[in-house]
Amino acid sequence: MRVVVGLLLLLLALCGSGAQGEGGGLGQVGEISQFQETAPRDAAEESTKQTTEQTTTDIWAEVRALRDMVVELKVELRNTEARVKDSESQVNDLKAELMVTKVHVELLQRENSDLQTRLSSSESELLLSKSRIDQLERENTERPKVAFYTALTDAGPLGPYNTDITLKYSKVFTNIGNAYNPATGFFTAPVKGVYYLQFIVCGNLRGLMGVYVYKNNQRIMYTAEWKEEEGLEYFTKSVVLELMAGDEIHLVLPSGYSVYDDANNHSTFSGSLLFTL
């Protein structure tokens with residue numbers, strides 16, 4: 001606005017100078033008047049010139065200030081753009097991390113679902129196993145328990161005799177179910193099942209040592225050895241028999257044979273029920 005005012009004043013001054021030049025043929029009075037009028041105009045022109053120069057200086061100062069401001073704004077804009085790009089990069093990184101986390105969460109959810117399924121299956125299997133164990137415990141409780149372990153005598157050698165004799169194992173250490181009778185030497189099966197029976201025969205005299213094994217009145221085994229000289233010798237035999245309830249097992253010393261036992265329990269007879277039928 002100051003520049004416009006200055007330009008208007010300059011135009012007015014130029015117009016005034018032109019009008020005075022056209023009246024140059026007048027007299028001295030005109031020259032004096034022209035001088036009188038020129039002095040103020042020169043002062044006005046000088047003032048206008050100074051004003052114009054000052055205005056121009058101010059305009060250039062403002063332009064430079066505006067230029068500096070623009071430069072600063074450009075720098076700030078570039079910094080802002082850099083920060084925005086950095087923020088966008090961070091946002092993209094966060095999005096990527098979020099996607100990874102989401103995938104990981106989905107995997108964990110699937111694993112948790114699988115674990116829940118396996119847990120349910122394990123619980124079902126555990127309940128089934130517990131039921132089976134309870135059933136086995138009931139069956140075991142209801143099943144007869146049969147086991148015995150005996151030794152022959154403390155008397156030393158038995159035999160040889162002129163006739164067969166039933167061996168009565170008089171020293172009873174175990175007799176669960178009371179299926180063995182030390183007074184008769186007979187083991188009686190209390191239930192139908194499969195039984196394991198074992199006997200150890202010891203001899204001390206020179207000659208034959210051995211026994212018969214009888215099931216009821218039927219001989220089912222004969223075992224013997226010849227001793228060349230005196231001194232302790234042993235042999236062991238065992239059988240697995242299917243017996244009916246009431247079947248009897250006993251051992252017989254054949255005539256002319258001998259066995260030996262003392263407090264050390266060299267000759268023994270034992271057995272147990274494996275399972276019922």
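Mentor: A salt bridge is a side-chain nitrogen of Lys or Arg within 4 Å of a carboxyl oxygen of Asp or Glu. Keep in mind that this model is predicted.

Trainee: How many salt bridges does that rule give?

Mentor: The count comes to three salt bridges. Take Arg67 and Asp68. Their closest N and O atoms are 3.6 Å apart, so the pair passes the 4 Å limit.

Trainee: Is Arg67 buried or exposed?

Mentor: In between. Arg67 has a relative accessible area of 49% and is partly exposed, because exposed requires over 50%. Asp68, with 37%, is partly exposed too.

Trainee: Which salt bridge lies within helix 2?

Mentor: Look at Lys130 and Asp134. Their side chains meet at 3.4 Å, N to O. Both residues lie in helix 2, which covers residues 28-142. They are four residues apart, about one turn of the helix. Asp134 is partly exposed, at 26% relative accessibility.

Trainee: What does Asp154 pair with?

Mentor: Asp154 forms a salt bridge with Lys171, at 2.5 Å from N to O. This pair links distant parts of the chain, 17 residues apart. Asp154 sits in the loop between strand 1 (147-151) and strand 2 (156-158). Lys171 belongs to strand 4, residues 171-176.

Trainee: Is Lys171 buried or exposed?

Mentor: Lys171 is buried, with a relative accessible area of 15%; the cut-off for buried is under 20%. Its partner Asp154 is partly exposed, at 47%.

Trainee: Strand 4 came up there. In what order do the strands of its sheet run?

Mentor: Read the sheet from one edge to the other. The order is 4-1-13-7-10, five strands in an open sheet with antiparallel pairing. Strand 4 and strand 10 (233-243) stand at the edges. Each has a single partner strand, so one side of each is left without a neighbour in the sheet. On average, neighbouring strands are turned by 10 degrees against each other, direction ignored.

Trainee: How many bridges join strand 1 and strand 4?

Mentor: Five bridges, in the antiparallel sense. To find the register, start from Ala147, which stands opposite Ile176 in strand 4.

Trainee: Which residues make the nonpolar surface patch?

Mentor: Val240, Leu274, Phe275 and Leu277 make a patch of about 370 Å². Leu274 lies in strand 13, residues 268-276. Why can Leu274 count towards a patch? Leu274 has a relative accessible area of 38%, and patch residues need over 30%. That value makes Leu274 partly exposed.

Methods:
Residues are numbered from 1 along each chain as its sequence is written. This is a predicted model: local features need pLDDT of at least 70, side-chain atom pairs count only at pLDDT 80 or more; totals for chains, interfaces and linings use all residues. Side-chain values use heavy atoms; hydrogens and water are left out. Patches are made of residues with over 30% relative accessible area and no salt bridge: like charges are joined within 9 Å, nonpolar side chains (Val, Leu, Ile, Met, Phe, Trp, Tyr) within 5 Å. Accessible areas come from the Shrake-Rupley method with a 1.4 Å probe; for residues, only the protein chains shown count as cover. Helices (H or I, at least four residues) and strands (E, at least two) are DSSP runs, numbered from the N terminus. Buried means under 20% relative accessible area, exposed over 50%, partly exposed in between (1.4 Å probe, protein chains only). Two strands pair if DSSP finds at least two bridges between them. Axes are lines fitted to C-alpha atoms, for helices over the stretch in contact, and angles run from 0 to 180 degrees between N-to-C directions.
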